[in-house]
Amino acid sequence: LSPSEIIATGYWGVVTKTTDGGSSWTDISTTYEKYLHDAYFFDSNTGIVVGGYSGTGKIYKTTDGGATWTEITAPKQERLRSILFLNSSTGFIVGDDGAIMKTTDGGNTWVDKSVSEYWDFYDVVFQTTDNGYVLGTGGLAYETTDGGETWTEMTTPRDYYIYGAEI
């Protein structure tokens, strides 16, 4: 995306876009009518939005700037809260009940890499293509050192929700 482009998601399947730095906004229609929590766009045309609610995980991809959306099956049916791509192929989605999903084909298919956890993940961040973290409720944090193939629980000094992080 260019510096003047912003894409935001929200309730009732809302995806909204600005191309002028926020002076005006245009709603982009999806077929989903519940929560969309996050978006990742590779460029002005190709992007993925994620969301859902209790017991349903939703992933939608567009290749035409949001004119049409294709639903992609989530391997774990839990609310999905955050999406991150490390490059044009490899990406991650995290969500409720320990949901962690990985793609290596640009988001066309996703593999379940979830941990056995009751708590919810709100964010995923990576320092390198191998070293990353997922963070969530109850101070929950997991680390990977192998590109998201396996995850190890970490100890954090907090016992409340961690909604986001930046590296």
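Two strands count as paired if DSSP finds at least two bridges between them; strands (E, at least two residues) and helices (H or I, at least four) are DSSP runs numbered from the N terminus. The model is predicted: local features need pLDDT of at least 70, side-chain atom pairs count only at pLDDT 80 or more, and totals for chains, interfaces and linings use all residues. Residues are numbered from 1 along each chain as its sequence is written, and side-chain values use heavy atoms, with hydrogens and water left out.

**Exercise 1.** Determine how strand 6 and strand 7 pair, and place them in their sheet.

*Solution.* Step 1: strand 6 (residues 56–62) pairs with strand 7 in the antiparallel sense, over three bridges. Step 2: within this pairing, Lys61 has Thr70 of strand 7 as its bridge partner. Step 3: the order 4-5-6-7 describes an open sheet of four strands with antiparallel pairing. Step 4: strand 4 (36–41) and strand 7 (70–72) are the edge strands, each pairing on one side only.

**Exercise 2.** Identify the residues of the largest nonpolar core and the strands that supply at least two of them.

*Solution.* Step 1: a nonpolar core is a set of buried Ala, Val, Leu, Ile, Met, Phe, Trp, Tyr and Cys residues joined through side-chain atoms within 4.5 Å. Buried means under 20% relative accessible area, exposed over 50% and partly exposed in between (1.4 Å probe, protein chains only). Step 2: the largest such core has 12 residues, namely Ile48, Val50, Ile59, Ile72, Ala74, Leu80, Ile83, Phe85, Ile93, Ala99, Met101 and Trp110. Step 3: strand 5 (47–53) and strand 8 (80–85) each supply at least two of these residues. Step 4: the greatest contribution, three residues, comes from strand 8.

**Exercise 3.** Explain why strand 8 is largely enclosed, and describe its pairing with strand 9.

*Solution.* Step 1: five of the six residues of strand 8 are buried, so the rest of the structure largely encloses this strand. Step 2: five bridges in the antiparallel sense pair strand 8 with strand 9 (residues 91–95). Step 3: opposite Leu80 stands Gly95 of strand 9. Step 4: five residues form the connection in the hairpin from strand 8 to strand 9.

**Exercise 4.** Establish the strand order of the sheet that contains strands 12 to 15, and locate its edges.

*Solution.* Step 1: the four strands form an open sheet in the order 12-13-14-15, with antiparallel pairing. Step 2: strand 12 (121–126) and strand 15 (152–154) have a single partner strand each, so one side of each lacks a neighbour in the sheet. Step 3: strand 12 is joined to strand 13 (residues 132–136) by five bridges, and Val124 stands opposite Val134 in strand 13.
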